[in-house]
Amino acid sequence: MILNKKTRMTEVLKLNEFFIKMYNVAFRLTGDEVKAEEMAFIAINCVLAKEDMPDMVSDSILRRTAEKICTLFLSEAEAD
């Protein structure tokens, strides 16, 4: 944990931890390993451009990616 300019606690994750957390979010929604992997991959690529892949991921990127996974899940549910 580090302190940012607003002196609130901010979580910073290593990229590998970020991938695991995003997969877990998707898996908890879908209950399917393959769908979770695809959904996490799509969400991560929507939020982070490949050339912008940081070594460390901030909580705002974590939150935006989790929101994107939820959006994908809900849009898929509507399509069914």
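## A tour of the three helices

Begin by selecting I20, which is partly exposed, with a relative accessible area of 45%; buried denotes under 20% relative accessible area, exposed over 50%, and partly exposed the range in between (1.4 Å probe, protein chains only). I20 belongs to helix 1. Add A40 to the selection: the two residues are 20 apart in sequence, and their C-alpha atoms are 9.2 Å apart in space.

The model is predicted: local features need pLDDT of at least 70, side-chain atom pairs count only at pLDDT 80 or more, and totals for chains, interfaces and linings use all residues. Residues are numbered from 1 along each chain as its sequence is written, and side-chain values use heavy atoms, with hydrogens and water left out.

**The whole chain**

Display the complete protein as a cartoon. It contains 3 helices and 4 strands, in the order β-β-β-α-α-β-α along the sequence. Helices (H or I, at least four residues) and strands (E, at least two) are DSSP runs, numbered from the N terminus. Buried residues account for 25% of the 80 residues. The exposed surface is about 5800 Å², of which carbon and sulfur atoms supply 55%; these areas come from the Shrake-Rupley method with a 1.4 Å probe, and for residues only the protein chains shown count as cover.

**Helix 1 against helix 2**

Select helix 1 and helix 2. Their axes come within 8 Å and cross at roughly 130°. Such axes are lines fitted to C-alpha atoms, for helices over the stretch in contact, and angles run from 0 to 180 degrees between N-to-C directions. Helix 1 and helix 2 are therefore oblique to each other; angles under 35 degrees count as roughly parallel, over 145 as roughly antiparallel, 65 to 115 as roughly perpendicular and the rest as oblique. Residues that make the contact include F18, M22 and A26 of helix 1 and A36, M39 and A40 of helix 2. Contact here means heavy atoms within 4.5 Å.

**Helix 3 against its two partners**

Next, select helix 3 together with helix 2. The axes of this pair come within 9 Å and cross at roughly 125°, which means that helix 2 is oblique to helix 3. M39, A40, A43 and I44 are among the helix 2 residues in this interface, and T65, I69 and L72 are among those of helix 3.

Exchange helix 2 for helix 1. Helix 1 and helix 3 pack at an angle of about 25°, with axes 10 Å apart, so helix 1 is roughly parallel to helix 3. Across this interface, residues including F18, M22 and A26 of helix 1 meet residues including T65, I69 and F73 of helix 3.

**T65 and the core**

Is T65 buried or exposed? T65, in helix 3, is buried, with a relative accessible area of 0%. Not counting residues up to four places away in sequence, T65 touches F18, M22, A43, I44 and V47.

Finally, select F18, M22, A26 and I69, the residues that touch the most other members of the 17-residue largest nonpolar core. Helix 1 (15–30), helix 2 (33–47) and helix 3 (59–79) are the elements that give two or more residues to this core. A nonpolar core is a set of buried Ala, Val, Leu, Ile, Met, Phe, Trp, Tyr and Cys residues joined through side-chain atoms within 4.5 Å. End on A26: leaving aside neighbours within four places in sequence, A26 is in contact with G31, A36, M39, A40 and I69.
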